[in-house]
Each structure stands twice: as structure tokens, then as C-alpha cells.
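Good morning, and thank you for coming. Please look at the sequence and the structure on the screen while I speak.

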Amino acid sequence: MIDSGIDWRRSGKEAHAIARDMNWLAGEAYALMILGYAQASTGQYEQALRSEREAIAIATEIGHLYWLIGAHETIGRVQYLLLDLDTARVSLECAVRLAHEMRAGLGIWTDTALLARVTNELGDLERADALLRPLLGQAATLASSHAQRNCWLAQAEPNRTLRNEFRAG
């Protein structure tokens, strides 16, 4: 990890405290969501889950769907990394449902790709394919992006799994 010289833990906690002191719930939920994402990115999974759950509680209270999408996505990603696939699936299904409700394109692509990977790991290759098919049908009309590549990666995983099962059989 590259040290940017920024103590992001202190900055994240400070941003949360400032938002809380201002009684700015949306800012508080956002600070917790971003802090949880940063914690997850550095392997601090327990702290990340705590931050994201607190962000979800606040975002739910105020009805902030974008922060709910982000927090559920991070929880899903952490649970995927911890191989708690059923919990990951539930969190990611929520993120995808909210992303569709908000018409949040990046969330739809990114969260659906991750949900498809989790679904594949759970052994439901048909559902993983069904999740990705509508998005990949749009690929020709969209500019190349990180989210688009994630969908292609998720699509390749079930195919790789099927090829390995075919070779083993």
C-alpha cells in the first residue's frame, strides 16, 4: 500500500464527528460509508462492517438511498471476501434493487457484477447468467468502463467453472 501521508482513519472519524456535531445525518452516513469502504480496502473487515451498518441505520432513518446502495455494496464485498456468501448475496441483492430503483447506472453495473460472482460461487450459474445477460446486451452502446469489465469478468467465471466441471467429468 502506498502511504499518501494522509491519516485516513483520523480524517474519516473527524468527518463523522463534524457531521454528527452539526446534526447533519446525511453527512454522518456518508462519512461512515466512506470510512467503512476505506477500512475494507485495508483489510479491517470488522471495523468496516461496523461503520457500514451504522451508515445503513442512519441512511435508512433519513431515506438516503444512494448511501444505502454504497453501504450495502461494501458489506456485500466484505462478506464475499470473508466467504460468507449468503450474507453477501442478501446485501448485494439489496444494493442492486436500490440501484435499479434510483436508476444509478454505476451501481447497477458494479453491484450486479459482484452479485453474479457471489451467485456463481453459490453454485447457481443460471441465475448468475440471468443477472448479467441484460447488462452485457447493453455493452455495445456503453463506453468501456470499470463496471463493464467487472460484468465481463463475472460472466467469464461461470464459463470457467463449467469448463472445469466438463474436464473433470
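**An overview of the chain**

Read from the N terminus, the elements of the protein chain follow the order α-α-α-α-α-α-α-α. In total there are eight helices and zero strands. Please keep in mind that this is a predicted model.

Let me begin with the chain as a whole. Of the 169 residues in the protein chain, 42% are buried. The accessible surface comes to about 9,700 Å², and carbon and sulfur atoms account for 55% of this surface. How do the contacts spread along the sequence? Among those between residues at least 6 apart in sequence, 52% join residues at least 24 apart.

**Helix α1 and what follows**

I turn now to α1, which covers residues 8–21. Does the length of this helix agree with what its residue count suggests, or disagree? Let me put that as a calculation. With 14 residues and 1.5 Å a residue, α1 should span 20 Å, and because its end C-alpha atoms are 19 Å apart, the two values agree.

Which residues of α1 are buried? They are Gly12, His16 and Ala19. These three cover an arc of only 65 degrees around the axis, and therefore they sit on the same side of α1. There is a general principle behind this kind of pattern. An α-helix has 3.6 residues a turn, so residues three or four places apart point the same way.

What do the buried residues of α1 pack against? Their partners are α2 and α3, the latter being residues 45–62. On the other side of α1, Lys13 and Asp21 are exposed.

After α1 comes Asn23, which has a positive phi, near 60 degrees. Trp24 belongs to the loop between α1 and α2, where α2 is residues 25–41. Is Trp24 buried, exposed or partly exposed? Its relative accessibility is 48%, and because the limit for an exposed residue is over 50%, Trp24 counts as partly exposed. Trp24 also joins Ile18 and Met22 in a nonpolar patch on the surface, and together the three have about 350 Å² of accessible area.

**Two buried residues in helix α6**

Let us move along the chain to helix α6, residues 105–121, which contains Ala113. Ala113 is buried, with a relative accessible area of 1%. Its C-alpha atom is separated by 9.2 Å from that of Leu135, although the two residues are 22 residues apart along the chain.

Thr112 also has its place in helix α6. The relative accessible area of Thr112 is 3%, so Thr112 is buried. Which residues does Thr112 touch, leaving aside its neighbours within four places in sequence? The contacts of Thr112 are Val96, His100, Gly107, Leu131, Leu132 and Leu135.

**Salt bridges**

My last topic is charge. Side chains of opposite charge can pair when their charged atoms come close. The structure holds six salt bridges, and I shall describe some of them.

Consider Arg127 and Glu93, which form a salt bridge with their closest N and O atoms 3.0 Å apart. Arg127 lies in helix α7, residues 125–136, and Glu93 in helix α5, residues 85–102, so this pair ties together parts that are 34 residues apart in sequence. Arg127 is partly exposed at 28% relative accessibility, and Glu93 is partly exposed at 25%. The pair also belongs to a network of salt bridges that links Arg89, Glu93 and Arg127.

Another salt bridge joins Glu101 to Arg97, with the closest N and O atoms 3.8 Å apart. Because Glu101 and Arg97 are four residues apart in helix α5, about one helical turn separates them. Arg97 is partly exposed, with a relative accessible area of 49%.

A further salt bridge is found between the side chains of Arg133 and Asp129, at 2.2 Å from N to O. These two residues lie in helix α7, four residues apart, which is about one turn of the helix. Is Arg133 buried or exposed? With 54% relative accessibility, Arg133 counts as exposed, whereas Asp129, at 27%, is partly exposed.

To close, I return to two points. The buried residues of α1 pack against α2 and α3, and the salt bridge of Arg127 with Glu93 ties helix α7 to helix α5. Thank you for your attention.

Methods:
Residues are numbered from 1 along each chain as its sequence is written. This is a predicted model: local features need pLDDT of at least 70, side-chain atom pairs count only at pLDDT 80 or more; totals for chains, interfaces and linings use all residues. Side-chain values use heavy atoms; hydrogens and water are left out. Patches are made of residues with over 30% relative accessible area and no salt bridge: like charges are joined within 9 Å, nonpolar side chains (Val, Leu, Ile, Met, Phe, Trp, Tyr) within 5 Å. Accessible areas come from the Shrake-Rupley method with a 1.4 Å probe; for residues, only the protein chains shown count as cover. A salt bridge is a side-chain nitrogen of Lys or Arg within 4 Å of a carboxyl oxygen of Asp or Glu. Buried means under 20% relative accessible area, exposed over 50%, partly exposed in between (1.4 Å probe, protein chains only). Contact means heavy atoms within 4.5 Å. The expected span of a helix is 1.5 Å times one less than its number of residues. The arc is that of the directions from the helix axis to the C-beta atoms.
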